[in-house]
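Trainee: I should like to learn how to read individual features of a structure. May we work through some of them together?

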Amino acid sequence: MTVETLSETVVAPVAETGGETLAFQAEVSRLLDIVAHALYSEREVFLRELISNAADACDKHRYLALTEPDKAGRQLDYAVTLIPDAEAKTLTIRDTGIGMDRTDLVENLGTIARSGTGKFLEKLEGDAKKDFSLIGQFGVGFYSAFMVADKVRVVSRKVGAEKAFSWESDGRGSFTVAEAEQEDRGTSITLFLKDDAAEFFDEWRLKAIVRRYSDHIALPIKLKTAEGEETINAASALWTRSKNEVTEEQTKAFYESLTYDSTDPFATLHIKAEGALEYSALLYLPGKRPPDLFTADRQSRVKLYVRRVFITDECKDLMPTWLRFVQGVVDSADLPLNVSREMLQNNPVVRKIRSGLVKKIISELEKKAKAEEGRSAYETFWEAFGPVLKEGLYEDFENRQALLGLARFRSSTESGWVSLAEYVGRLKPGQKAIYTASGESVETIAASPHLEGFRAKGVEVLYLTDPIDEFWLPMIGTFEEKPFQSITRGAADLGEITAEGEDKPAPTPETTPDLAALIERLKSVYGDTVKDVRVSQRLTDSAVCLVADAGDVDLHLEKLLRAHQRLEQDAKRVLEINPTHPVITKLTTTPQDAPLDDAAWLLLDQAHILEGSPVRDPRAFARRLESVLGR
């Protein structure tokens, strides 16, 4: 049963003194147990989750006050307050956000993976819906409270509502909803802590957790004790502070709050632009690939603020899709607070911010790529995000040359990653092109017969294993005036290249009359099945291989198009034969009146098998093979 199925409804209410008890759907108790005991390795993160939700509730009300001030109610200072009570064994988290009514409590807290944020968006209509996107959804964050609590009680009053309501549960099978008393809008979550969670009564422990996880929250987080009330976070957005005022620990904690990634980011960029355009940004380049990097929407992960007010995390023009792995926030001083989605599209301010951010990110990557001591770190980063960055080679003309400099490739002669500049610096005498080979993996390409002639001459070939490679390469064409040339398309042109240990290129063997006659006989057998039959310069060990003609779709691209049903018909291929191979030598001596058909078709089938394609007629292939083996 899926989470979505579990979250559709709850069973009929059962009357109970002081309210209604609603049963969770089947298996919700088990899911709660999983969330409470297996989701987080450190229990303290429950406080991060509840503070984050409280901050989101304040953001909702701030947006309401901006767009519909008549519905916002009386002004209250936005804040999150922590109230530990060791005697009562409770910890309360209180906010002055938008609050929830009875329906919100049942739908948002009564079911797993049901989000108040999602329902909030559903209530917005037309242009209003495009104005605002909340930071995220509750998901299972609220339920992390059960890691430390035997029981959770929520009291909330929605802005504009006459009544407050409570929600209470032990997280095992049901929850109770009842009317409650609360003077102002907002929500209070009281945790009845377990015996082994007494550490969360300690004010120094609470302060340390807030400093670690929530210091960046741009509203006050207060601690209320018998001695009084004090603000325990900086209550200042990290990205608006000077770089010198922010510690490494704070930036790391903010990164973890954004990504839930406990490892260090690959790079951190703290940007502050002043002058004609004012904005600040705190951006992170992750150290490892997120699981949803290749989703169809290619969604940006950068949040847009205007003067510290959250606006949206769906501003597609703020960051190019080929940098969608970048995490962080951007805060503009030049956009209006009530900016709509339409205003953000093709907005000149957003475009200028985007241009500045992209230049900063590329500059940081160039610095990392050039650092000799950090070469392995950059190569690890490229292995994770190179396929996405190469999308920029196809989409972004302005930054194409810079991205080419950042690109790294596996190759036929090197054990590690190589740059295009390094490749060009190793060109053999007489080599006029940058040779490439495309395939599903490095291992597949390395086993290709097309590499044989290049290996024999010590010519390096770059391996292209990402689908995007088939699209950016034709767009660019050259690097430092050297054209890219696929080794599986067109002529190999190895005759002008001087091999290692030679003073000049080895002469190309002449086509003997017997070999010419064999080629004509093969053409006669194949008819229009192949485009041509010719002598190969690229084969040294294999008898045959198939190549694409110079103007046709390359072999690997054809496979990709066929897999996605984008190919109307297969292109006819050129069959190349190795004149020095014993099989070919033997066939040249076959009398003109002797049958050649079985051997000819077996050679073509062999070529298909070598390139990873199925034979055209498996039954005929088996019959011919049996015939040859039986001789």
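**Reading surface and strand features**

Mentor: Let us begin with Met-475, whose place is in helix 15 (residues 469–476). Please bear in mind that the model is predicted.

Trainee: Which accessibility class does Met-475 fall into, and why?

Mentor: Exposed requires over 50% relative accessible area and buried under 20%, with partly exposed in between. Met-475 has 44% relative accessibility, so it counts as partly exposed.

Trainee: Which residues form a nonpolar patch on the surface with Met-475?

Mentor: Tyr-394 and Phe-471 join Met-475 in that patch, and together the three have about 280 Å² of accessible area.

Trainee: How does Lys-352 count, buried or exposed?

Mentor: Lys-352, which lies in helix 9 (residues 348–370), counts as exposed because its relative accessibility is 56%. One may also compare position in sequence with position in space: Lys-352 and Leu-277 are 75 residues apart along the chain, while 8.2 Å separates their C-alpha atoms.

Trainee: Turning to strands, in what sense do strand 6 and strand 7 run?

Mentor: Strand 6 (residues 164–169) and strand 7 run antiparallel and are joined by 6 bridges. Within this pairing, Ala-164 stands opposite Ala-180 of strand 7. The two strands form a hairpin with 4 residues between them. In the turn, Gly-171 has a positive phi of about 75°.

Trainee: Over how many bridges do strand 2 and strand 7 pair?

Mentor: Strand 2 (residues 19–23) pairs with strand 7 (residues 174–180) over 4 bridges, in the antiparallel sense. Ala-23 has Ser-174 in strand 7 as its bridge partner. Strand 7 thus has bridges to strand 2 and to strand 6.

Methods: Residues numbered from 1 in each chain as written. Predicted model: local features only at pLDDT ≥ 70, side-chain atom pairs only at ≥ 80, totals over all residues. Heavy atoms only, no water. Pairing = 2+ DSSP bridges. Buried < 20%, exposed > 50% of the residue type's maximum accessible area, 1.4 Å probe, protein only. Patch = residues over 30% accessible without salt bridge, like charges linked within 9 Å, V, L, I, M, F, W, Y side chains within 5 Å. Areas by Shrake-Rupley, 256 points an atom, 1.4 Å probe, with all protein chains shown as cover. Salt bridge = Lys/Arg side-chain N within 4 Å of Asp/Glu carboxyl O.
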